[in-house]
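Let's walk through this model together, one question at a time. Have the chains and the DNA in view as you read.

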There are 2 protein chains.
Amino acid sequence: MAALPAGVLGTLDPTSDRAVFRQIADQLREAIDKGRFKEGAKLPSESELVDHFGVSRMTVRNALSILQSEGLISSEHGKGVFVRPRPPVRRLASDRFARRHRDQGKSAFTVEAEAAGSRPEVDSLEVKEERSTPEISARLGSARKVLARRRRYLLDGRPVEFATSYLPLDLARGTQIAEPNPGPGGIYARLEELGHRLDHFDEEVRARMPSPGEVKALRLSSGVPVIHLVRTAYDTEGRAVEVCDTVMAADAYVLAYQLPAT
Amino acid sequence: MAALPAGVLGTLDPTSDRAVFRQIADQLREAIDKGRFKEGAKLPSESELVDHFGVSRMTVRNALSILQSEGLISSEHGKGVFVRPRPPVRRLASDRFARRHRDQGKSAFTVEAEAAGSRPEVDSLEVKEERSTPEISARLGSARKVLARRRRYLLDGRPVEFATSYLPLDLARGTQIAEPNPGPGGIYARLEELGHRLDHFDEEVRARMPSPGEVKALRLSSGVPVIHLVRTAYDTEGRAVEVCDTVMAADAYVLAYQLPAT
DNA sequence: CTTCCCTGCTCGTCTATACGAGTATGCCTC
DNA sequence: GAGGCATACTCGTATAGACGAGCAGGGAAG
């Protein structure tokens, strides 16, 4: 039970009406913010903190749980508590669906990831026909049945997003869009070949805490929100030809958009 | 100590290796998801749950803290634990900075909020000259000193976002932009009058958990992330004329963007 | 009828203890 | 030296108890 490095953590103020576990959380947060504990570094163990502050273990754990819910730390069973490293973020540019990016054989995700020096993977590919939900119907028009394409994307082994594309069945059935591998340029290239020249995309962006299923699918540590993005693709005749519902680990992404001033 | 409504909550599975407090959280989450507890409804009290499940209070509190970090519930001291109501969301359209919206006397925020039937407020207005940070300088060019305009926006009394605009001092000093009230159409209208015809805006969107200061300023309940938006305005000569750093309560917003397919 | 207080509920904070399970290390055995 | 085991650390889960503080409702006092 080594003593803590001197001066890294302060002491409690017994006269304060701030709860003890909050004071401990404040101390640790400040130490992390000021770099006294670096990214990935191990924090003092619970029992060391118990000794240092002279409180019970539950109080210490309470303090740590605050920092965990803030996304500052993560604990590893049997090893310790660590300052959560900030993973590299993937930047989604607003021109990522430009036509000129659709001529390569690989998907946009793959090309972009390799350019950034990461190892991209796509798994849990599933293509099937489904009944439409009210949510999807409202965006896609009145299609009762849709083709759903589900997949999950990983960077260097870490899952970062999963997405489901919905297309009107009358449009996609029997085409290469209904195949697991939609071919070079992805489904957008196929849609254009089918005569649906794409005009624009609408994107809706929300942020929220993940459901337990999303935590599992994206292996999220606690204190990491998700970005929920719903994109609708329109052809030049104004018809909605695809809705893509994407859930992304918020610590892995920054979305970039360009807005006209006109 | 009234008994719980029959059938609303199930029982624990002692053979499961899933932790008891997780099983309790699962039960409550399912009950909320299926509408057995409606929005704003009071959940059984901690001691009722203790009796129902036959566990200690800390175990129940542990379960509740999971749901709280998921943003599903919020507790009120002395009253009980409630299903967190989903506030109305404000939709930010991608044409919100179009020139045609800049001719009214009121700010875009005010106009839009009143159209939606909400009571808008702007407070903690502060305008002052500051040293630029590396972050701002990188976007704004080499300006060493900047004009900072800070304000907080509220809807029906609830704070929903706060923002800081940074402008190069050589551009803004001595103009109406440096006044607390920048006049009709806001600072973008003034910039255009000064000869900086706006060309486009770049926006970067991130999501993360709030800092303690942000929790306070936006009165966020736990389990609510923030959307962090950094917008840079460019004039037709390609010069960055403003950087706006905005932090928004994620449960109050959905951002809408339109992307070209070309 | 109104005001005030008391009582009993609620959640918030904190202590002390116990055992289990995952991880790393070093020693002992082979 | 290699393998395996013991041990000592880590965090995870759970119990039982205590007191405090915010809130609401009922009843007593004015």
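A residue counts as near a DNA strand if its C-beta atom, placed from the backbone, lies within 6 Å of that strand. Keep in mind that this is a predicted model.

Q: Which elements each supply at least two residues of the surface near DNA strand D?
A: In all, 21 residues surround DNA strand D, and the closest include A:Ser45, B:Val20 and B:Met58. Both chains supply elements to this surface: from chain A come helix 2 (46–53) and strand 2 (80–83), and from chain B come helix 1 (20–33) and helix 3 (57–69).

Q: How many residues of the surface near DNA strand D are nonpolar, polar and charged?
A: This is the surface whose closest residues also include B:Thr59 and B:Gly78. By class it divides into seven nonpolar, ten polar and four charged residues.

Q: Which elements give two or more residues to the surface near DNA strand C?
A: Here 20 residues surround the strand, with A:Val20, A:Met58, A:Gly78, B:Ser45 and B:Glu46 the closest. The elements are helix 1 (20–33) and helix 3 (57–69) of chain A, together with helix 2 (46–53) and strand 2 (80–83) of chain B. By class, this surface has six nonpolar, ten polar and four charged residues, and its chain A elements, to name them again, are helix 1 and helix 3.

Q: What relation do chain A and chain B have?
A: Two copies of a chain are related by a rotation about an axis and a shift along it. Chain B can be laid on chain A by a turn of 180° and a shift of 0.0 Å along the axis, with an RMSD of 0.1 Å. That is the relation of a two-fold axis.

Q: Which element gives the most to the side of chain B that touches chain A?
A: The contact takes 33 residues from each of chain B and chain A. Two elements of chain B give two or more residues to its side, strand 7 (198–208) and strand 10 (253–260). With eleven residues, the one that gives the most is strand 7.

Q: Why do the copies meet through the same surface?
A: On the chain B side, the residues divide into 17 nonpolar, eight polar and eight charged. The copies meet through the same surface because the share of chain B interface residues that are also interface residues in chain A is 100%.

Q: What is the bridge partner of A:Glu204 in strand 10 of chain B?
A: Strand 7 (residues 198–208) of chain A pairs with strand 10 of chain B in the antiparallel sense, over six bridges. In that strand of chain B, the partner of A:Glu204 is B:Ala256.

How values were computed:
Residues numbered from 1 in each chain as written. Chains lettered and ligands numbered in written order. Predicted model: local features only at pLDDT ≥ 70, side-chain atom pairs only at ≥ 80, totals over all residues. Contact = placed C-beta atoms within 7 Å. Helix = DSSP H or I, 4+ residues; strand = E, 2+ residues; numbered from the N terminus. Nonpolar A, V, L, I, M, F, W, Y, C, P; charged D, E, K, R; others polar. Pairing = 2+ DSSP bridges. Least-squares fit on C-alpha atoms with pLDDT ≥ 70 in both.
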